[in-house]
Amino acid sequence: MKFNESAVIGLGIDAGGTYTDAVIYDLGGKKVLAKAKSLTTYHNLVEGIRGALSQLPNDLLSEVEVTSLSTTLATNSIVEGHGHKVGVIALSPWGWTEEQIGHRPLVNVPGSVAITGEIIEPLDEDACRRAVERLVEKDRCAAIVVAGYATVRNPVQANRVREIIAETHDVPVICSHEMSRRLNAIHAAQTAIANARLLPVIRELIDAVHQALAYFHVPGRLMVVKGDGTPVDESIARARPVETILSGPAASVGGAKILAGLDDALVIDIGGTTTDCAIVENGHVAVSPDGA
């Protein structure tokens with residue numbers, strides 16, 4: 001297949017609840033060069049992605065400079081009530097209970113700050129390591145939430161807990177102070193837990209995409225579409241996978257804007273699992289400043 005040698009070739013992959021779609025796109029000429037569809041294979045995501053890529057021309061795949069990934073897998077997990085097991089490490093002047101935050105398993109670790117942000121109890125790093133071992137090895141948690149009283153005022157010790165976890169275990173970690181800037185530690189913890197249940201979903205998908213790209217020798221950088229429609233490097237998506245929630249619907253809005261050519265529109269994406277809606281005003285998508 002011949003194409004403009006000066007063209008910038010992009011590959012788009014969308015892993016949906018029913019199908020995985022792949023498109024090769026001329027970014028400069030704004031033209032679709034090839035497209036394919038394959039069933040999403042939940043038992044092994046690589047199969048479905050490879051199934052879509054196998055239908056695309058090899059000569060175009062070899063010229064890809066950037067791959068953009070969007071997905072509804074995380075959104076669907078929320079809707080269907082699925083998710084991975086999450087453990088919580090709590091840092092507080094008083095012990096939190098599983099009933100208090102409505103979640104288990106939870107381990108309290110010494111290390112807390114006052115409402116002013118002053119450290120009133122240094123972090124017990126040995127106790128932290130024991131907590132991680134219990135949550136990951138014994139309780140088989142696939143992700144960890146680090147939460148605590150007033151950590152939003154001083155997150156130093158919470159961030160250190162994340163570093164300690166990374167030293168020994170390859171599990172995704174969310175700190176509650178990154179989820180909410182409000183002084184409501186319990187609510188922030190619950191928000192982080194809800195998001196952390198989805199972290200392994202995104203990691204598994206990104207790993208599967210890498211395997212499929214390597215199989216077809218596709219070069220270039222991998223970007224992931226965030227929930228606000230902007231693409232970020234995969235490293236950011238891995239560090240803060242929660243930002244990829246609603247990635248699939250956001251990508252649909254971006255595509256609809258190009259296809260419709262309108263500055264003001266109502267976009268409705270009817271998928272196999274959910275129906276998603278968005279409002280475009282003056283060429284921009286209306287996004288809630290407080291998050292989903």
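In this predicted model, the lining of the second largest pocket comprises, by class, four nonpolar, five polar and two charged residues. Eleven residues line this pocket, and those nearest its centre are Tyr42, Leu73, Ser77, Val201 and Glu204. Two elements, α3 (73-79) and α8 (199-215), each contribute two or more residues to the lining of the second largest pocket, and the greatest contribution comes from α3, which supplies three residues. The space within the second largest pocket amounts to about 200 Å³.

Helix α8 also takes part in a packing arrangement with helix α1 (residues 45-53), in which the two axes come within 9 Å and cross at roughly 40 degrees. Because an angle that is neither under 35 degrees, nor over 145, nor from 65 to 115 counts as oblique, α1 is described as oblique to α8. The crossing in which α1 passes α8 is right-handed. On the side of α1, the contact is formed by Leu45, Val46, Ile49, Arg50 and Leu53, while α8 contributes Glu204, Leu205, Ala208, Val209, Gln211, Ala212, Leu213 and Tyr215. Sorted by class, the residues of the contact of α1 with α8 are ten nonpolar, one polar and two charged. Glu204 of α8 thus appears in two settings, being part of the contact with α1 and also among the residues that lie nearest the centre of the second largest pocket.

A further helix pair is formed by α5 (residues 125-138) and α6 (residues 156-168), which pack at an angle of about 55 degrees with their axes 10 Å apart. The helices α5 and α6 are therefore oblique to each other, and their crossing is right-handed. The residues that make this contact are Glu125, Cys128, Arg129 and Val132 of α5, together with Arg160, Val161, Ile164, Ile165 and Glu167 of α6. In the contact of α5 with α6, five residues are nonpolar, none is polar and four are charged.

Enclosed space was examined as well, and a search of the whole structure finds one cavity of 30 Å³ or more. About 30 Å³ of space lies in the largest cavity, and its lining is made up of Val173, Ile174, Glu178, Met179, Ala239, Arg240 and Val242. By class, five of the residues that line the largest cavity are nonpolar and two are charged, with no polar residue in the lining.

Note on methods: Residues are numbered from 1 along each chain as its sequence is written. This is a predicted model: local features need pLDDT of at least 70, side-chain atom pairs count only at pLDDT 80 or more; totals for chains, interfaces and linings use all residues. Side-chain values use heavy atoms; hydrogens and water are left out. On a 1 Å grid over the protein atoms alone, a cavity is a set of points where a 1.4 Å probe fits but cannot get out, and a pocket is an open set with protein on both sides within 12 Å along at least five of seven lines; lining residues have an atom within 4 Å of a point. Grid points are joined across faces, edges and corners, and a volume is the space filled by probe spheres set on the points. Ala, Val, Leu, Ile, Met, Phe, Trp, Tyr, Cys and Pro count as nonpolar, Asp, Glu, Lys and Arg as charged, and the others, Gly among them, as polar. Axes are lines fitted to C-alpha atoms, for helices over the stretch in contact, and angles run from 0 to 180 degrees between N-to-C directions. Helices (H or I, at least four residues) and strands (E, at least two) are DSSP runs, numbered from the N terminus. A crossing is left-handed if the near helix is turned anticlockwise from the far one by less than a right angle, and right-handed if clockwise. Contact means heavy atoms within 4.5 Å.
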